[in-house]
Amino acid sequence: MQFSLFDDGCNAGAAPQKLALPGADVTYIPGWLGPDDADALYASLASSLNWSQDTIKLFGKPVKIPRLQAWYGDAVSEYSYSGLTMVPRPWTADLLALKTRCENTAGCKFNSVLANWYRHGQDSMGMHADDEKELGVQPVIASVTLGEARPFLFRHRSGAPSVKVSLEHGSLLIMQGDTQRNYLHGINKTTRHVDGRINLTFRFIYPAVPEQNPCKM
Ligand SMILES: O=C(O)CCC(=O)C(=O)O
Ligand SMILES: [Mn+2]
């Protein structure tokens, strides 16, 4: 698809909001994509990405994740979590255009994207932090939401009550600083009838560092 709006990634009128989360650095930009671009992108990504329902290990047992996902990026950006290693597919034109827009808004580079498709209310993502070591100490994660607005939960690791943010169609959420160190985040299931939601989290994966210094034997 072709983006019809501005080159710098921001729809007119989108006002960035800093979320009041002590110990985190989270910016929410509603309407970051205009509604027509966001609609077109949802349809295009739903039909063109290589979606699969992967299996992870939970307490040693294989479990199918409750959503579809797809991993795209530069060849260096292999990524592992819960016993699942994802090898990136090469960027599509849509994802590359969106990556550039995210880079312009966030002011930093990304080399990979995890796409998640929550097909209905029973699809979800458990509370977690994006704190794998290949993401570095203070990862910057740019998260684009398309489709149904679902409550996104932040929970401080101290156990304080969760804070809910409704991530709207076409919005961008940028998590950075100590957000992953201090908070978990996730999307709960709901019994409400909800339409599909596609979320894209752009990340920078540091290339693998050898465990051992090959010169010290
Ligand atoms: O769907 C979302 O908004 C969150 C996705 C997420 O946390 C992740 O991909 O790590
Ligand atoms: Mn996450």
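Which classes of residue, nonpolar, polar or charged, make up the shell around ligand 1, and how many are there of each? In this predicted model, the shell has five nonpolar, five polar and three charged residues. These 13 residues surround ligand 1, and the closest are Asn116, Tyr118, His185, Arg197 and Arg203.

Four strands, S8 (112-118), S9 (125-128), S14 (183-187) and S15 (197-203), each supply at least two residues of this shell, and S15 gives the most, with four residues. The following polar side-chain atoms lie beside oxygen atoms of ligand 1.

| Residue | Distance from its polar side-chain atom to an oxygen atom of ligand 1 |
|---|---|
| Tyr118 | 2.5 Å |
| Arg197 | 2.8 Å |
| Asn199 | 3.2 Å |

On its own, ligand 1 has 290 Å² of accessible area, of which the protein covers 98%.

The second ligand is a manganese ion, which is coordinated by His128 through NE2, by Asp130 through two OD entries and by His185 through NE2, at 2.1 to 2.5 Å. Along the chain, the donors of the manganese ion follow the spacing H-x1-D-x54-H. His185 is thus named twice, as one of the closest residues to ligand 1 and as a donor to the manganese ion. Asp130, with a relative accessible area of 3%, is buried, because the cut-off for that term is under 20%.

Six donor atoms surround the manganese ion, and their arrangement is irregular because they subtend angles of 52 to 163°. For reference, the ideal angles for six octahedral donors are 90 or 180 degrees.

Methods
Residues numbered from 1 in each chain as written. Chains lettered and ligands numbered in written order. Predicted model: local features only at pLDDT ≥ 70, side-chain atom pairs only at ≥ 80, totals over all residues. Heavy atoms only, no water. Near = heavy atom within 4 Å. Polar contact = N/O pair within 3.5 Å; in protein donor to acceptor, adjacent residues only side chain to side chain. Areas by Shrake-Rupley, 256 points an atom, 1.4 Å probe, with all protein chains shown as cover. Nonpolar A, V, L, I, M, F, W, Y, C, P; charged D, E, K, R; others polar. Donors = N, O, S within 2.8 Å, 3.2 Å for Na, K, Ca; no water. Tetrahedral: all angles 85-135°; square planar, octahedral: opposite > 155°, others 65-115°. Buried < 20%, exposed > 50% of the residue type's maximum accessible area, 1.4 Å probe, protein only.
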